[in-house]
Each structure stands twice: as C-alpha cells, then as structure tokens.
Amino acid sequence: MIPGKDATVEKVDSQKEKYGSFALFDIEHFLRRVLKSWYWFVLMLLLGYSIAWVYSKYYAQNIYASNLSLSVSNNTSSYFTPNQSINFIWGQGGNQDGVYLKKMLLSRTHNEFLVKELDLFVSYSTKGAIKSTYLDKDDCPVIFQVDKKHLQQMNYPVTLVPKGANAFEVILPDEGQSTNLYSYESEGFSAINSYERPANKIIRIGEWYTSPNLRFRLIRNPIVPKIKLENIIVNLNTVNQSVNDIVSTIGIEFDKEINSIMIITKKGYNLNSTVNFLNMSVSQLQKKRLADKITVDKNTDIYLQENLDNIRKKLDSSANVLNYMKTTEKLYDIKDRDEKSLGEIKDLEAKKADIDSKIASLNEIRRSLEAQNFEKMISTTAAGFQDGLFSASVAELKALYMKRRELALIYKPTSEPMKEINRLIDDAKMTSNTALRNYYSGYYNEINKINQKVAQANSDLATYPEKQRRYLDAERGYNMIEATYNSLLGRQNETQMRMAANQSDITVIDPAKNVGQPPIGPNVKATKAAIIGGFLVLPLLFILIGELLDNKIRNIKELLSATKIPLLGVIGNNGNDNMLTVLDQPKSSVSEAFRGIRANMRFLAGENGGSKVILITSSIGGEGKTYVSINLASVLGLSDKKTILLGMDLRKPKIFGDFEIDNKYGISNYLTGEVNISQIINKTRIPNLDVATSGPIPPNPSELLMSEKNIQFIEDLKSLYDFIIIDSPPVGLVADSYELMKHSDANIYVVRHEYTEKYMLKMITERYHNGEIDHLGLVYNDYNTKQGYGYGYGYGYGYGYGYGYFDEDKNYKEPLLIRIRNKVQSIFNKK
C-alpha cells in the first residue's frame with residue numbers, strides 16, 4: 001500500500017488551511033547540516049584556540065592588586081586627624097575618622113602630593129616582539145628625572161636602549177612631536193614654535209638630554225633590578241592625569257567586625273608598583289597626620305593656657321568678693337537655705353559655663369577660618385566636638401587656598417583656572433560654615449534650655465531678703481567661673497597628654513607586600529572561552545541563517561506531513577549523463593526504485609484491466625519530471641506492458657535527445673494536422689516502448705494541448721497501448737497539466753530534493769484536498785543518497801533499499817553516521 005493513502009482526513013476548514021504549510025524551521029535538517037559541516041567547527045575551534053593563545057600570551061595585560069590594612073586610634077585631636085567620638089549634641093556616631101581617612105587617601109591633595117614628591121607622573125615599560133610590559137621604577141636600572149622648569153611633551157614615548165654600563169641611546173618616535181608642551185610648575189600647557197624632530201642621541205648617566213620638547217637626565221637606581229632589560233620605554237603624563245589614574249585604581253573598605261580597621265587596595269599593571277605605592281602613600285599620610293597633630297595640639301595648648309590665665313584672674317576676683325561678703329556682712333550662714341534649688345542652679349550654671357567656653361573656642365576657630373590663618377588653628381576638641389567631615393573640609397580649604405596662591409602667580413583673576421579654584425573654595429567654605437552654624441545652633445539651644453531651668457529655680461529663691469540674694473548671686477558667679485576654669489583645665493590636660501604621646505594615630509597592621517599574588521584580571525580563561533566559543537558560533541550562525549532563509553524541500557517526513565499526498569517512491573541521484581538509467585543500469589538501486597513506483601501506481605490507477613493514462617508533472621522545470629517519465633515508461637515497457645511515452649511539454653521538448661529520435665515531426669505537428677499518428681510514433685530499443693516526441697515548438701501550445709483533437713488522440717492511443725505516459729508541462733508555470741489531469745487515470749507529481757521550493761506545493765496540495773485532482777501521488781527525486789534512503793522518512797518502506805545491495809552499487813560505502821544509525825537500529829530491532 002502507499003504511505004499516507006490509508007489515512008482518511010476530514011477536510012474541515014481549519015485543516016485545509018494547514019495543507020501545504022511547512023514549518024518555518026526544520027530542526028532535523030538543521031542538525032544534519034551541523035553534523036555534515038563538522039570540519040568547519042574543527043577549523044573554527046583550531047582558529048579560535050590559536051587566537052586565544054596568542055591573546056593570552058602576547059596581548060593580555062595582567063592586572064594585579066595588593067592590599068594594606070591599618071587601624072586608626074581614637075585619640076586624635078585635629079582637623080586633619082579626627083576620631084570616632086559621638087557628638088554629644090547631635091548624637092552622631094560611627095567611624096567618622098575612618099570616613100575622613102578614606103576621603104584623604106582618595107583626595108586630590110594627598111595623591112597630588114605623592115605624584116609630585118615621588119615623580120609618579122613618569123611611567124616605565126618595556127616592549128618585546130609583540131607585547132609591552134609595564135615596569136615599576138625599581139625594575140629599571142636608571143631613574144628618569146625630568147627638569148620641571150623645562151616644558152615637556154606629554155604622551156611621547158622615549159625609548160632608552162642600554163649601550164654599555166653607563167650609557168643609553170635615547171630614541172624618540174619618528175613622528176608625533178608637538179608644539180603644545182606641559183609645565184610641571186604651572187601644571188598648564190604652553191605653545192612653542194615648530195621644530196624638527198630631535199635626533200637620537202647616546203647619553204651617559206647623570207648627563208642632561210635637552211631638546212625643544214624634552215629635558216631630562218638618567219640617574220642610577222640605587223636598587224639593582226633583578227631582570228636585564230633590552231629597552232626601557234618612558235612616558236610622561238600630566239599631574240592631573242596621573243592623579244586621576246591613581247585615584248581610579250584605589251579601593252577602600254572597612255572591616256566588617258571592627259570598623260576602625262581599613263583595607264586599602266591598589267590595582268595596576270605591575271605588582272611591585274602597587275605594593276610600593278600603598279606603602280609610600282600610608283607612610284606619607286602618617287608623617288603628615290603626625291605633623292598636623294603636633295601643630296594643632298600646640299596651638300590648642302597655647303589657646304587654652306591663655307584662657308586659663310584670664311579665667312584665673314576672674315576666679316580670684318570673684319573669690320575676694322565672696323570672702324568680703326562673708327566676713328563683713330556675716331552672710332556665710334544663711335538660715336533655712338533651699339539647698340535643693342541652689343544645687344540644681346549650681347549644676348545648670350556649671351553646664352552653661354562649659355558651653356560658653358566651647359562657644360568661645362568655636363569663635364576662635366571661625367576667626368581663624370575667615371582670616372585663612374590655618375597655622376594658628378586650634379583643635380575642635382576645645383569647642384567640644386570632633387567632626388571628621390568638618391575637619392576634611394578645613395583640610396581641603398587649606399589646600400585650595402595654597403593652590404590659589406600658586407595659580408595667582410601664573411593666571412589672571414578672571415581666567416578659567418582662577419574661576420574654578422574660587423568655585424571650589426566657595427564650596428568648601430559653605431561646607432565648613434554650615435557645620436559651624438549647626439554647632440552654634442546646638443550650643444545656643446542648649447543654653448536657652450538651661451536659662452529656662454535656671455529661671456524656674458530662681459523663682460523658688462524670690463522670698464530671700466535682698467542682702468542674702470546678693471550673696472547667693474556672688475556665690476553662683478564664683479561657681480560658674482570655677483566650672484569654666486575646670487572645664488578648660490580638663491581639656492588642656494587632654495591636649496598635653498596627646499602631645500606627650502606624640503605618635504601617629506595610624507597603625508599599619510599588614511603592609512603591602514609582593515608574595516607572588518596571581519593577577520586578578522583580565523579573566524583570561526573566560527576570554528579564551530569567549531573567543532573559542534565565538535568562533536564556534538560563527539558556522540552555527542551561518543548554518544542557522546541559511547536554514548531560516550532556505551525554503552527548499554529537504555525532508556520527506558515534513559513533505560508528507562504538510563501535503564498529506566501519498567508517496568509513490570523515492571529516487572536517488574542520477575550519476576549518469578543521460579536519463580536512461582533503467583536501460584543502462586537495470587540492476588542499480590535507482591532502477592529498482594522505479595520498479596517500486598511501478599508497483600505502487602496500481603493503488604492510484606486501479607486494477608480494472610483497461611489501458612491506463614499516467615500523467616507526470618512538477619512545479620517548475622528542472623525537478624526531473626522528464627527523467628521520471630522516461631524511466632517509468634522504460635520500466636513498464638520492460639515488464640511486457642505495451643507502453644507509449646508522450647512528450648506533451650510542447651514549450652520545452654526533451655525526450656528525443658535521450659532516445660536519439662528526430663524531433664522534426666511530433667505531437668505539435670499531429671495536433672495541427674500536418675502529419676498522421678503513425679508518423680509521430682517512434683520505436684525504441686525496448687520492444688514494448690514507443691515514444692511520441694513533442695515536435696517543433698508551436699505558437700499556441702496551450703490551445704493544442706486542451707483541444708478536442710488532443711483528447712481524442714489520447715483516447716485513440718488507449719486502444720493500442722496498456723500504459724500511456726504523459727510528460728506534461730510544469731503546473732507552476734502553466735495550467736495545461738490541470739486540464740490533462742481530467743483525462744488521466746493517475747497523476748504523478750515530482751518533487752526534487754533540495755530544489756523544489758516549499759511554497760510551490762501550495763496550489764497542487766489545495767487542489768488535491770479540494771477534490772479538484774484525483775489519483776495524485778508524489779515521487780521524491782534526486783534524494784541525497786549519502787543520507788541513506790528513507791532518512792527522515794518514518795514509514796519504513798525502504799524505497800531504494802540503500803546502496804550496496806545491487807551489483808552496480810557494490811563499491812558504494814555508506815557514511816559513518818549512517819552505518820552507526822543502522823547498527824543501532826539493528827540492535828533495537830532484534831527480537
């Protein structure tokens with residue numbers, strides 16, 4: 001039976017819409033194409049691996065990181081060394097000193113100091129055959145010292161090549177010299193006249209090299225490098241660029257358990273550079289903070305001592321007044337004293353006296369800020385608070401004022417650099433003034449509360465006689481002065497204790513160290529995987545795009561599922577130049593496939609014993625309908641069936657060439673009445689097979705084929721032949737075949753593997769399921785035999801049987817994948 005013929009399908013509208021509709025993507029064919037293109041994947045794998053290896057070996061710049069951990073003590077005293085105290089007014093708490101220290105380490109002021117002090121604007125590297133390697137200063141035999149008073153060209157690589165123990169050849173780039181040069185003194189650019197490229201020159205250590213765009217000398221490095229370099233490449237950067245580069249590579253975190261411990265991380269292309277920078281940065285910060293502490297503590301001690309001297313005089317005077325009233329006016333023993341109210345007033349006025357002294361200290365800080373007298377600044381502890389952010393703003397303001405004084409020597413007041421530095425100063429002043437106003441406000445609010453409580457307590461003493469009230473007022477005045485004196489004395493003792501300790505509040509726990517840390521980046525493994533994966537994806541992507549754009553029939557199973565038209569057989573590829581496969585290779589698998597089609601035709605044409613008209617057509621030319629017509633007629637003729645092959649594709653005659661027949665007279669001549677029927681019938685070497693060729697191409701082929709004479713011609717042939725095979729025109733181009741199908745007993749539609757477009761089957765499928773065409777069957781032609789007959793075809797009929805079964809195919813060897821598949825199938829099919 002014919003596959004699909006027994007399936008009865010109710011043709012409802014929704015199902016009819018699906019007939020002739022193919023899937024957009026054929027996953028099975030896609031996977032076959034992927035497997036078939038395995039060599040591309042192997043090639044891309046090798047290419048991707050090679051590129052990834054070259055990248056990791058010669059181009060990937062390793063990024064290293066070193067860490068330094070330190071702790072900050074809580075006994076600091078200056079704006080530049082605040083601590084973690086909790087502000088008693090605002091209830092502020094937390095690691096203020098750590099926040100300040102983080103701000104300092106990331107500040108432009110600190111890092112600019114390091115850049116200038118340590119010449120970090122000079123970068124070193126060396127270049128091999130392909131890859132450049134960044135160096136630390138300690139890796140170089142010489143140190144590149146620039147003349148900061150001379151204009152220098154930025155980002156202009158200078159190559160130093162050793163020429164003996166004490167000499168180096170200076171090689172400059174062939175081009176790129178600039179007339180816009182940088183000054184390390186003014187930190188700005190200046191234009192000079194054009195000049196010729198400086199010539200290469202050999203200089204000795206200590207000798208100055210001078211050119212219009214450079215001036216430097218080489219100093220022997222006291223640290224002997226461990227590696228011998230064939231060349232040293234030196235690059236100069238601006239101070240601003242160097243600072244930005246450094247700050248962008250620093251990371252600071254606080255310990256999760258002890259927030260006074262900081263972990264500082266520095267990233268860079270050279271591990272030794274990161275280690276040296278961290279240790280130098282913290283060392284310089286320790287020195288600076290210690291110097292600031294000493295200066296501020298001395299100022300604070302002097303300020304407190306001056307205030308103590310003044311308060312001491314007031315205290316002595318107040319004591320004399322109080323003693324006079326006791327001895328002269330005998331008021332030292334007041335009866336029925338309200339000790340509770342007096343004690344409360346004494347405590348309140350003591351607090352008020354302490355706050356008054358802090359406000360006085362706050363006034364001193366504010367006056368120093370307004371006068372820009374930073375060298376005389378006193379500690380904020382004298383004013384009763386320690387605020388890291390306020391101290392940072394003061395430190396920043398101090399640095400900005402110094403910077404403005406430097407810029408004022410170079411730029412006009414209306415220039416952009418001066419406007420920018422003034423803007424930064426205004427921002428810092430606003431920050432510091434806002435903090436001071438907050439503390440003033442807090443102190444005055446506290447004093448108002450104290451005054452209210454004192455007024456309430458005074459109301460309880462209103463009943464005392466005037467003389468006794470005067471004594472109590474004198475006693476309260478003495479107590480306030482004494483409280484102020486004691487408060488200042490306590491703060492002076494704290495200041496002197498800090499001065500006696502005289503050590504930095506920064507303690508390095510673990511200094512940065514080169515212990516052979518592996519690079520933290522780039523992720524070479526991930527990059528290599530991405531490169532290799534990307535190359536492997538390329539052929540997959542091309543195959544996928546090709547599959548999505550491909551609209552050709554490639555899958556038998558999909559063809560039958562979409563058309564629901566019976567399949568008569570599968571024809572393999574014709575390896576011969578002519579079309580007479582059945583005659584020339586009768587024992588081949590292709591010939592046997594045509595015999596299978598002959599056997600299956602009876603299901604379409606029926607078995608009533610009469611003559612059968614078999615029409616063979618296709619969508620367009622080139623799909624093999626003539627090839628199928630010739631070989632199917634040959635098979636029928638060889639089976640002792642009287643058969644005639646009619647070449648009714650009048651527009652494109654073909655049959656005569658293969659049978660070596662003269663096409664001078666044919667069907668077109670007969671239909672126009674030029675010749676009789678006996679003149680167009682030609683004998684072949686098969687006794688039972690005759691051929692009627694198309695004849696010359698007529699001007700009206702459609703009218704001739706659909707004429708009554710042509711229909712009568714076919715009817716006349718029925719009395720002479722058992723089978724009439726009609727090679728008709730393609731239905732995708734003309735409608736002639738549809739008219740001829742009305743007079744045929746069976747219709748064969750040829751679909752060519754990887755040639756026929758899917759959309760071409762839409763019309764024939766719809767007509768078949770609408771009942772306009774009967775007795776229709778498919779022949780799948782030119783199937784790729786390397787895939788094995790029936791591959792992708794689930795009915796299991798085995799059309800073509802497979803190469804190697806027949807004599808003509810004995811030298812054929814199936815592909816490895818097909819042999820593996822067949823072996824697996826044989827294992828599972830065992831009973």
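This note goes through a predicted model of one chain, from its overall make-up to two sheets and a surface patch.

1. Overall make-up. The chain has 831 residues, and 46% of them are buried. Its secondary structure amounts to 24 helices and 23 strands.

2. Contacts and surface. Among contacts with a separation of 6 or more, 79% link residues that lie 24 or more positions apart in the chain. The exposed area is about 42000 Å², of which carbon and sulfur atoms supply 53%.

3. The six-stranded sheet. One open sheet is built from six strands with antiparallel pairing, in the order E3-E2-E12-E5-E6-E9. Strand E3 (132–135) and strand E9 (201–204) stand at its edges; each has a single partner strand, so one side of each is left without a neighbour in the sheet. On average, and with direction ignored, neighbouring strands here are turned by 30° against each other.

4. A pairing at one edge of that sheet. Strands pair in a sheet through backbone hydrogen bonds, in either a parallel or an antiparallel way. Strand E6, residues 167–171, is joined to E9 by four bridges, and the two run antiparallel. A reader who wants to locate this pairing can look for valine 170, whose bridge partner in E9 is lysine 201.

5. The three-stranded sheet. A further open sheet consists of three strands in the order E4-E11-E10, again with antiparallel pairing. Its edge strands are E4 (142–146) and E10 (208–211), each of which pairs on one side only. Neighbouring strands of this sheet are turned by 25° against each other on average, direction ignored.

6. A pairing within the three-stranded sheet. E10 and strand E11 (residues 214–220) run antiparallel and are joined by four bridges. In this pairing, threonine 210 stands opposite arginine 215 in E11.

7. A nonpolar surface patch. Six residues, Trp38, Tyr39, Trp40, Val42, Leu43 and Leu46, make a nonpolar patch of about 650 Å² on the surface. One of them, valine 42, is placed in helix H3, which covers residues 38–59.

8. Is valine 42 buried, partly exposed or exposed? Its relative accessibility is 38%. Buried means under 20% and exposed means over 50%, with partly exposed in between, so valine 42 counts as partly exposed.

Definitions and conventions:
Residues are numbered from 1 along each chain as its sequence is written. This is a predicted model: local features need pLDDT of at least 70, side-chain atom pairs count only at pLDDT 80 or more; totals for chains, interfaces and linings use all residues. Side-chain values use heavy atoms; hydrogens and water are left out. Buried means under 20% relative accessible area, exposed over 50%, partly exposed in between (1.4 Å probe, protein chains only). Contact means heavy atoms within 4.5 Å. Accessible areas come from the Shrake-Rupley method with a 1.4 Å probe; for residues, only the protein chains shown count as cover. Two strands pair if DSSP finds at least two bridges between them. Axes are lines fitted to C-alpha atoms, for helices over the stretch in contact, and angles run from 0 to 180 degrees between N-to-C directions. Patches are made of residues with over 30% relative accessible area and no salt bridge: like charges are joined within 9 Å, nonpolar side chains (Val, Leu, Ile, Met, Phe, Trp, Tyr) within 5 Å. A salt bridge is a side-chain nitrogen of Lys or Arg within 4 Å of a carboxyl oxygen of Asp or Glu.
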